[in-house]
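Please consider the following protein, which is presented here as a predicted model. The account below begins with a pair of strands and then turns to the whole chain and to a single residue.

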Amino acid sequence: MKTLLICLLSLLPLLGLAQATPAKNQLSTHILDISTGQPAPGVTVRLHQYNAAQKTWTTVAEKKTDAAGRIPDFLPSASATGTPGTYKLTFLTQPYFESKKQQSFYPFIEIVFEIKDGAHYHVPITLSPYGYSTYRGS
């Protein structure tokens, strides 16, 4: 039995070779509803990039938070230098609170930030019907 266990454990590193390497994404987000202490699933979040020359925002992507309140794969990283620029995440919170039959003060929340290098940026929010907070996570 012990020999079988040792053999199985020695095969674990080989299993990793068969798995595809996930695409590296430069930006992720998540929402924690602090009024319930739970993630906020099903919230639509839009990612926009600012064009300084034209003074306009362009929508880059639109996704919904998963069951854990997360979007792990915004903005695929095209190179080691990443995709520098000024970005905005728009969290469409009103439909989320309506689905919970709650009134809220903020129909949507916009967070503007700069990506300056190829690092991973995590921009989460903590949310309640009458307040929110954000920070640069890891």
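Strand β6, which spans residues 85-92, pairs with β7 in the antiparallel sense, and seven bridges join the two. Within this pairing, G85 lies opposite I115 of β7. Strand β7 itself covers residues 109-115, and its side chains alternate between two faces. On one face, I109, I111, F113 and I115 are buried; E110, V112 and E114 point to the other face and are not buried.

These strands belong to a protein with two helices and ten strands. Read from the N terminus, the order of elements is α-β-β-β-β-β-β-α-β-β-β-β. The protein has 138 residues, of which 32% count as buried. Its accessible surface amounts to about 8,700 Å², with 60% belonging to carbon and sulfur atoms. Among contacts with a separation of 6 or more, 62% are between residues 24 or more positions apart.

Residue Q49 offers a local view of such contacts. It is located in strand β3, residues 44-51. Is Q49 buried, partly exposed or exposed? Because its relative accessible area is 27%, and buried would require under 20% while exposed would require over 50%, Q49 counts as partly exposed. Beyond its neighbours within four places in sequence, Q49 is in contact with T56, W57, T58, V60, P84, G85, T86 and Y87. With Y87 there is also a polar contact between the two side chains, at 3.1 Å. The C-alpha atom of Q49 is separated by 9.5 Å from that of V112, a residue 63 positions away along the chain.

Conventions: Residues are numbered from 1 along each chain as its sequence is written. This is a predicted model: local features need pLDDT of at least 70, side-chain atom pairs count only at pLDDT 80 or more; totals for chains, interfaces and linings use all residues. Side-chain values use heavy atoms; hydrogens and water are left out. Helices (H or I, at least four residues) and strands (E, at least two) are DSSP runs, numbered from the N terminus. Buried means under 20% relative accessible area, exposed over 50%, partly exposed in between (1.4 Å probe, protein chains only). Contact means heavy atoms within 4.5 Å. Accessible areas come from the Shrake-Rupley method with a 1.4 Å probe; for residues, only the protein chains shown count as cover. Two strands pair if DSSP finds at least two bridges between them. A polar contact is a pair of N or O atoms within 3.5 Å; within protein, one must be able to donate a hydrogen and the other to accept it, and residues adjacent in sequence count only if both atoms are side-chain atoms.
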